[in-house]
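Open the model in your viewer and keep the selection panel handy. We will go stop by stop, and at each one I will tell you what to select and what is there.

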Amino acid sequence: MRIVLVGPPGAGKGTQAAFLAKNLSIPHISTGDLFRANISQGTALGKQAKAFMDAGNLVPDEVTIGMAKDRMDQPDAEDGFLLDGFPRNVSQAVALDEALKAEGVQLDGVLDLEVPEDEVVKRIAGRRTCRNDSSHVFHVTYSPPGEDGVCDVCGGELYQRGDDTEETVRRRLEVYHSETEPIIDHYKAQGLVVTISALGKVDEVTRRAMEALKKSS
Ligand code: AP5
Ligand code: ZN
């Protein structure tokens, strides 16, 4: 299956993607995680991306599209993938359409996670992320790590992401409404969008998402 996950910052895309990718046996591809891994490794790509991310703006398409395509070209993504955070504007969506067409394949669905803005702010304010791997995500109240306060998956130190400050979150939400939401109409025109509420417990949302994806494909 080839799926795109879309939703505002803090909606729970990364959290859901981890479970959905496992259930569907496809790789979870997060452009945010790829950028953060490049930043922590000090690569040239990471250096290019950092200032945009810290300001809550999109990293330019010239950098992002190439990175996403390289990841989708890896052997583990040959038969499917779950994209989280890509595409994030209409030009990225068009680039993805063209890349898939060139391969003779297509998307099976676009899962749109709906969460009210006040809930998103609560989720982001309490998020703690693992220094070793930013796909290991916790929440101080909703999904707390073990008593020792380190990552339950790998024992790594937990920290608050630099772009999770109030000011940057406000900017990320603005960017979501102006740049990313239009991709939902782009995909609605292709009959691909399924919208679910991402409120409720993590496993309830996963169940809802699996059912919606089954119906859509
Ligand atoms: P990215 O990393 O993609 O950030 P985002 O889209 O803002 O999404 P988040 O990671 O903030 O949230 P999420 O929806 O994954 O929520 P999570 O599961 O962590 O992008 C960061 C930056 O990179 C961008 O601003 C941009 O600069 C750049 N970038 C990335 N992709 C790009 C692209 N394609 N083009 C250009 N630039 C790009 O959950 C949040 C919290 O809620 C956690 O604490 C979690 O434990 C908790 N939680 C999750 N589910 C629930 C639930 N059901 N109930 C209660 N709590 C929950
Ligand atoms: Zn970890």
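Start by selecting the open sheet of three strands, whose order is β6-β5-β7 and whose pairing is antiparallel. Its edge strands are β6 and β7 (158–159), each of which pairs on one side only. Keep in mind that you are looking at a predicted model. Now show β5, residues 127–130, together with β7: the two strands pair in the antiparallel sense over two bridges. To find one of the paired positions, pick T129, whose bridge partner in β7 is Y159.

Next, move to the other sheet. Select the five strands in the order β2-β3-β1-β4-β8, and you have an open sheet with parallel pairing. Which strands stand at its edges? They are β2 and β8 (193–197); each has a single partner strand, so one side of each is left without a neighbour in the sheet. Look along the strands for the twist: neighbouring strands are turned by 25° against each other on average, direction ignored. Then add helix α9 (202–216) to the view. Helix α9 packs on this sheet, touching β1, β4 (109–114) and β8, and its direction makes about 160° with that of β8. On the β2 side, β2 and β3 pair in the parallel sense over three bridges. A good pair to label there is I29 and L83, since I29 stands opposite L83 in β3.

Now bring up ligand 1. How many residues surround ligand 1? There are 35, and the closest are P9, G12, G14, G32 and G85. Colour this shell by residue class and you will find 13 nonpolar, 15 polar and seven charged residues. To see where the shell comes from, highlight α1, α2 (31–41), α3 (44–55), β6 (137–139) and α9, each of which supplies at least two of its residues.

Stay here and load a first set of annotated positions. The unreviewed UniProt entry has a "binding site" annotation that covers G10, A11, G12, K13, G14, T15, R127, V137, F138 and G200. Two of these positions deserve a stop:

- Select G12, in the loop between β1 (2–6) and α1 (13–24). With 24 other C-beta atoms within 10 Å, G12 is buried. Away from its neighbours within four places in sequence, G12 is in contact with L113, R123, A198 and V205.
- Step on to K13, which is in helix α1. K13 also counts as buried, having 24 C-beta neighbours inside 10 Å. Leaving out residues up to four places away in sequence, K13 touches L5, G7, D84, G85 and L113.

Load the second set. The unreviewed UniProt entry also places the feature "binding site" at T31, R36, N57, L58, V59, G85, F86, P87, R88, Q92, R161 and R172. These positions span 142 residues in sequence and their farthest two C-alpha atoms are 24.8 Å apart, so they do not all gather at one spot. Again, try two of them:

- N57 is in the loop between α3 and α4 (61–72). Is N57 buried or partly exposed? N57 is partly exposed, with 16 other C-beta atoms within 10 Å. Beyond residues up to four places away in sequence, N57 touches F52 and V175.
- Q92 lies in helix α5. Its 20 C-beta neighbours inside 10 Å make Q92 count as buried. The contacts of Q92, not counting residues up to four places away in sequence, are D61, T64, I65, F86 and P87.

Those last two contacts of Q92, F86 and P87, lead to a backbone detail. Zoom in on the peptide bond joining F86 and P87: this bond is cis, with omega at about -5°. P87 lies in the loop between β3 (81–84) and α5 (90–103). Such a bond is worth a look because most peptide bonds are trans.

For the final stop, select S25, in the loop between α1 and β2 (28–30). S25 is not a glycine, yet its phi is positive, about 55°. Most residues other than glycine have a negative phi. With 9 C-beta neighbours inside 10 Å, S25 counts as exposed.

Technical notes. Residues numbered from 1 in each chain as written. Chains lettered and ligands numbered in written order. Predicted model: local features only at pLDDT ≥ 70, side-chain atom pairs only at ≥ 80, totals over all residues. UniProt positions renumbered as here; feature names shortened; annotations may be inferred. Helix = DSSP H or I, 4+ residues; strand = E, 2+ residues; numbered from the N terminus. Buried ≥ 20, exposed ≤ 12 C-beta atoms within 10 Å, placed from the backbone. Contact = placed C-beta atoms within 7 Å. Near = placed C-beta within 6 Å. Nonpolar A, V, L, I, M, F, W, Y, C, P; charged D, E, K, R; others polar. Pairing = 2+ DSSP bridges. Axes fitted to C-alpha atoms, helices over the stretch in contact; angles between N-to-C directions.
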